[in-house]
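Trainee: I have a structure to look at. Can we take one helix and work through it step by step?

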Amino acid sequence: GRKVLQGQQTSDMAGVAMQLSASARRVGAGDGGNAAVAEMLATLSSQVQHSLVEARRSVTAMRTKPDELPPLHEQLANAAHRTFASTGITARVEQVGSPRQYPPNVESEVVGIASEAMANARQHAGSRTVTIICSYAARALQVRVRDDGRGFDPAQATPPGHWGLVGMRERATSI
């Protein structure tokens, strides 16, 4: 029962994302189309797609044994590939130090945080290159996402409906 329900929810979310994306194209392409509405639909589509990826990643993390997961830097490379496929943005993942294994829920949260940063770089930065650096150490793990885009002032108020940095901080705290 629960597996079928999760599959249906995933299918429903994918359908909503496709409809939003198609609507954004139609509104933006029509004569006298409203650019603000098209942008809003495109943003909603992107948010739904991101939620879908997050839901799938969470379910996979819950069902996967630690020894079945690839190293964290490979999980980050897979997330980068999904995030930047067909965008023209070059993504590179660098590994520093010897890979270590962390509990699946911790790795899932780290990939989720990095994925959010990658999605922000894709959507808002206007970047051409994104570098993800996964640094393993005996008593620490550091993951950095860098891009060559326009940047932003983190002291500025977050626009309504955007929870990226807040969500990343909350996820990091939960680890």
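Trainee: How far apart are the end C-alpha atoms of α3, and what span should its 13 residues give?
Mentor: Keep in mind that this is a predicted model. Helix α3 has 13 residues, and the rise is 1.5 Å a residue. The expected span uses one less than the number of residues. That should give 18 Å, and the end C-alpha atoms agree, as they are also apart by 18 Å.

Trainee: On which side or sides of α3 do the buried residues lie?
Mentor: The buried residues of α3 are L72, H73, Q75, L76, A79, A80, T83 and F84. They cover an arc of only 155 degrees around the axis, so they lie on the same side of α3.

Trainee: What do the buried residues of α3 pack against?
Mentor: One partner is a helix, α4 (104-125). The others are β1 (90-96), β2 (129-137) and β3 (140-147).

Trainee: Is Q75 buried or exposed?
Mentor: Q75 is found in α3, which covers residues 72-84. Its relative accessible area is 12%. The cut-off for buried is under 20%. Therefore Q75 is buried.

Trainee: Which backbone oxygen does the side chain of Q75 reach?
Mentor: Beyond four places in sequence, Q75 touches L69, P70, E107 and V111. The side chain of Q75 comes to 2.9 Å from one backbone oxygen, that of P70.

Trainee: Which backbone oxygen does the side chain of S115 reach?
Mentor: S115 sits in helix α4. S115 is buried, at 7% relative accessibility. At 2.8 Å, its side chain reaches the backbone oxygen of V111.

Conventions: Residues are numbered from 1 along each chain as its sequence is written. This is a predicted model: local features need pLDDT of at least 70, side-chain atom pairs count only at pLDDT 80 or more; totals for chains, interfaces and linings use all residues. Side-chain values use heavy atoms; hydrogens and water are left out. Helices (H or I, at least four residues) and strands (E, at least two) are DSSP runs, numbered from the N terminus. Buried means under 20% relative accessible area, exposed over 50%, partly exposed in between (1.4 Å probe, protein chains only). A polar contact is a pair of N or O atoms within 3.5 Å; within protein, one must be able to donate a hydrogen and the other to accept it, and residues adjacent in sequence count only if both atoms are side-chain atoms. Contact means heavy atoms within 4.5 Å. The arc is that of the directions from the helix axis to the C-beta atoms.
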